[in-house]
Amino acid sequence: MISMTIDGRKIAGADTYGVVNPATGAVFASAPNCSQAELENAMAAASRAFHGWQREEGPRREALTRAADIVAAHADELGRLVTQEQGKTLANSIREVNGAAGRFRYAAGLEIPTDIVHDRDELRVEVWRRPYGVVAAITPWNYPVIVAAGKIAAAVRAGNTVVLKPSPFTPLATLRLGELLQEAFPPGVINVISGGDELGKSMIKHPAVRKISFTGSTEAGKHILAAAVPDLKRTILELGGNDAAIVLDDVDPAAIAPRLFWGAFQNSGQVCSAIKRLYVHERVYKRVAEALTEFARTVRVGDGLDPASELGPVSTEPQLRRVEELVADAKASGGRIRVGGARTGSRGYFFTPTLFEELPDQARLVAEEQFGPVLPLLAFTDVDDAIERANATQYGLSGSVWSGSVARARDLASRLDCGTVWINQHLMVVPASPTAGHKWSGLGVENGAVGLLEFTQVQTLSLPRS
Ligand code: NAD
């Protein structure tokens, strides 16, 4: 069995629970259910390790480079675990793991700046960046390995130590990552434990924690922020989204249809920044809708371990129920299904890629984050109106503008109220891209050089010039 890692040691855990493969709907492995005593051990180990780890940058860079090599060398093993517990195709899981290796390598190369902000007369003032101490990192089930890697890499590069908990639905690849990383890091620097939401709540409350890094739903994020207040724990939140893509009247529908499709349906739509509402100018609406429908019909849905599959199942049973609920509500709201609309396969949580149209903006499928393989197509006649509708949400994660003229799209990009805007693409990210959700989509920044600074606090040193 894959173990937790606490203070550099494998801990099988006194209690365990079953992990379900969404392609079969059956339990295929078990994971430790971390006890309060094991959590205490993890926090104590991270606190002890912090004293030495924060001191020197050289070993931190070396460990991160080593971590990148180790993760890349285990891409197949980790990728298989991701596919089995999360559902995405093996090719995509391996891409995720290689992306995780990239996060470690990128963090190894980042500089932590010291700024001299005053250096005249009698006084020199330097601004240093110091680590916080123990970081509690909590991750969701949609991209378990790369989200964990992003948090760990930035936290430890800055000199913090980490106690990380993956989603209870997808603990295995992250636990294995924790085991593998021990080859690169001293004991206690990276601790990985597993369990449910209650374990997450205990982590947030723990007095050893000085910084929280959370990725998950907006609802849980609000609870976490409130729970962080009594101890003033610094908190980064990467939360949900309801991304709009706006397609202008000068596009080539056939050329953009595959990119639009994968911008919405990658990982079965279970991407924080996937296209979740597609606004299309009425002049090209019919042709875009037809091209997308045609493309959706060609996509093969199946077990992610089958090389013929292009799209895996919905990842969890509760998420499948939610998708079904939103589809039923969309039908009741007068929506018309162009393609899909139902489960498929004799077992597992498969759902055919689904396109809806003729829905009002108030329909739940448009107003809420669906986080599944169902996309509403919405026509518009006036670009100003499309921007207004795109911004009429509490979310502000990302968005995209599609046009034959990049200059035209650029002008509109700044009017979208969200943290990331793509032009003629959606979901392209590199390690240097910061993620900063606006409004209910987040607090603070993760990833990139700006994200690294979030794992540091400012210390100002004032000294006489000599
Ligand atoms: P979730 O909020 O249910 O769970 C995420 C993690 O938080 C899990 O590990 C869970 O056990 C833990 N948790 C839940 N409640 C908690 C609490 N009160 N205190 C402490 N820990 C708690 O989210 P999910 O269903 O796993 O993931 C899907 C959501 O994540 C979607 O809304 C998606 O948009 C969002 N997401 C955002 C980003 C981003 O970068 N903005 C990336 C991926 C996913």
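Trainee: So on a 1 Å grid over the protein atoms alone, a pocket is an open set of points with protein on both sides within 12 Å along at least five of seven lines, and lining residues have an atom within 4 Å of a point; which residues line the second largest pocket here?

Mentor: Keep in mind that this is a predicted model, in which local features need pLDDT of at least 70 and side-chain atom pairs count only at pLDDT 80 or more, while totals for chains, interfaces and linings use all residues. Residues are numbered from 1 along each chain as its sequence is written, and side-chain values use heavy atoms, with hydrogens and water left out. The lining of the second largest pocket consists of Gln54, Arg55, Glu57, Arg60, Ile112, Pro113, Thr114, Trp128, Arg129, Arg130, Pro131 and Ala158.

Trainee: Which element gives the most to that lining?

Mentor: Strand E6 gives the most, with four residues, and both helix H2 (57-73) and strand E6 (123-131) supply at least two. These elements are DSSP runs numbered from the N terminus, helices (H or I) having at least four residues and strands (E) at least two.

Trainee: Now the closed spaces: what lies nearest the centre of the largest cavity?

Mentor: A cavity is a set of grid points where a 1.4 Å probe fits but cannot get out. The largest cavity has 16 lining residues, and Arg277, Ala390, Ser398, Asp417 and Cys418 are the ones nearest its centre. Strand E12 (243-247), helix H13 (383-391), strand E17 (395-396) and strand E18 (398-402) each contribute at least two residues to this lining.

Trainee: And what lines the second largest cavity?

Mentor: Its lining is made of Arg103, Tyr106, Ala107, Leu110, Gly150, Ala153, Ala154, Pro431, Asn447, Gly448 and Leu452. Two or more of these residues come from each of helix H4 (90-109), helix H5 (144-157) and helix H15 (448-453).

Trainee: Switching topic, how many aromatic pairs are there?

Mentor: Rings of Phe, Tyr and Trp (its six-membered ring) pair if their centres lie within 6.5 Å, with planes under 30 degrees apart counted as stacked, over 60 as edge-to-face and the rest as tilted. By this rule there are six aromatic pairs. In one of them, the ring centres of Trp53 and Phe185 are 5.7 Å apart with the planes at 65°, so this pair is edge-to-face. It joins distant parts of the chain, 132 residues apart, since Trp53 belongs to helix H1 (residues 36-53) and Phe185 to the loop between helix H6 (172-181) and strand E9 (190-192).

Trainee: Are those two rings buried or exposed?

Mentor: Trp53 and Phe185 are both buried, where buried means under 20% relative accessible area, exposed over 50% and partly exposed in between (1.4 Å probe, protein chains only). Trp262 and Phe295 form another edge-to-face pair, at 6.3 Å centre to centre and 90° between the planes. That pair links helix H9 (residues 253-265), which holds Trp262, with helix H10 (residues 282-298), which holds Phe295, across 33 residues. Trp262, at 25% relative accessible area, is partly exposed, and Phe295 is also partly exposed at 21%. Together with Phe261 and Phe265, Trp262 and Phe295 make up one aromatic cluster.

Trainee: You mentioned H6; why is it largely enclosed?

Mentor: Ten of the ten residues of H6 are buried, so the rest of the structure largely encloses it. Among them are the charged-looking names you might pause at, Arg176 and Glu179.

Trainee: Last one: where is Pro373 found?

Mentor: Pro373 is in the loop between helix H12 (364-367) and strand E16 (374-380), and it is buried, with a relative accessible area of 1%. Pro373 and Gly269 are 104 residues apart in sequence, yet their C-alpha atoms are 4.7 Å apart in space.
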